[in-house]
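Please open the model in your viewer and keep the selection panel at hand. The tour goes from one selection to the next and says what is to be found at each stop.

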Amino acid sequence: MQLWEADRATEMASIPLPPYRRLLLAQVFLTLGLTLLASLVFPQALEAVFLGGLIAVVPQGTFFALAYRHRGARQMQRNVQKLFAAEAVKFGLTVVLFALAFGLVQPSNPIFLLITYIAVVSMHWLAPRLLQQGMKPH
């Protein structure tokens, strides 16, 4: 019985992390692409578009860094607590970044900031597809 439990614990500890970096990279590339597009089509909205993408990417990267720092089945309850804490930090950071963007920077076109934020956050709809591709065995 103890041998099975040891094998199971070893198996759970060797589960690879989800390839969340793909999602984060997709969000960064979307932000850069939208910023480039804005520089060509709406140069006056360049700063707002970049800030909108930044407000989406920075909290998401922070969430991944905090949530997936440690892994393992033995620490399952602690891992769940870390997920909740990471989500709270992500939410708080998003609020602070929006407050800074609207309070200090005064984007010339707030609608572009919001549209870019929504577009980059919407990349989560593609997350199952992006993450599934990274989890296929080689």
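## Starting from Ala101

In this predicted model, select Ala101 and display its surroundings: once its neighbours within four places in sequence are set aside, Ala101 is in contact with Leu51, Ile55, Gln106, Pro107 and Leu113.

Next, extend the selection to the largest nonpolar core, which has 14 residues, and in which Val49, Ile55, Phe98, Ala101, Phe112, Leu113 and Tyr117 are those with the most contacts inside it. The elements that give two or more residues to this core are helix H3 (46-67), helix H4 (76-105) and H5, and H3 gives the most, with 6 residues. A second core, separate from this one, has 9 residues, and Ala26, Phe63, Phe64 and Met123 are among them.

## Helices H4 and H5

Now show H4 together with H5 and look along the pair, whose axes are 12 Å apart and pack at an angle of about 160°. Since angles over 145 degrees count as roughly antiparallel, H4 is therefore roughly antiparallel to H5. The crossing of these two helices is right-handed.

To see the contact itself, select Thr94, Phe98, Ala101 and Phe102 on the H4 side, and Pro110, Leu113, Leu114 and Tyr117 on the H5 side. Colouring the contact of H4 with H5 by class should give 7 nonpolar residues, 1 polar residue and no charged residues.

## Helices H2 and H5

Keep H5 (residues 110-121) on display and add helix H2 (residues 20-41); the two pack at an angle of about 150°, and their axes are 9 Å apart. H2 is therefore roughly antiparallel to H5, and H2 passes H5 in a right-handed crossing.

For this contact, the residues to pick are Gln27, Leu30, Thr31 and Leu34 from H2, and Thr116, Ala119, Val120 and Val121 from H5. Sorted by class, the contact of H2 with H5 comprises 5 nonpolar and 3 polar residues, with no charged residues.

## Last stop: Val28

Finally, stay on helix H2 and centre the view on Val28, which has its place in that helix. Is Val28 buried, partly exposed or exposed? Its relative accessibility is 30%, and Val28 therefore counts as partly exposed, given that the partly exposed class lies between the cut-offs of 20% and 50%. With the distance tool, join the C-alpha atoms of Val28 and Ala56: these residues are 28 residues apart along the chain, and the two atoms are separated by 9.3 Å.

Notes. Residues are numbered from 1 along each chain as its sequence is written. This is a predicted model: local features need pLDDT of at least 70, side-chain atom pairs count only at pLDDT 80 or more; totals for chains, interfaces and linings use all residues. Side-chain values use heavy atoms; hydrogens and water are left out. Axes are lines fitted to C-alpha atoms, for helices over the stretch in contact, and angles run from 0 to 180 degrees between N-to-C directions. Helices (H or I, at least four residues) and strands (E, at least two) are DSSP runs, numbered from the N terminus. Angles under 35 degrees count as roughly parallel, over 145 as roughly antiparallel, 65 to 115 as roughly perpendicular and the rest as oblique. A crossing is left-handed if the near helix is turned anticlockwise from the far one by less than a right angle, and right-handed if clockwise. Contact means heavy atoms within 4.5 Å. Ala, Val, Leu, Ile, Met, Phe, Trp, Tyr, Cys and Pro count as nonpolar, Asp, Glu, Lys and Arg as charged, and the others, Gly among them, as polar. A nonpolar core is a set of buried Ala, Val, Leu, Ile, Met, Phe, Trp, Tyr and Cys residues joined through side-chain atoms within 4.5 Å. Buried means under 20% relative accessible area, exposed over 50%, partly exposed in between (1.4 Å probe, protein chains only).
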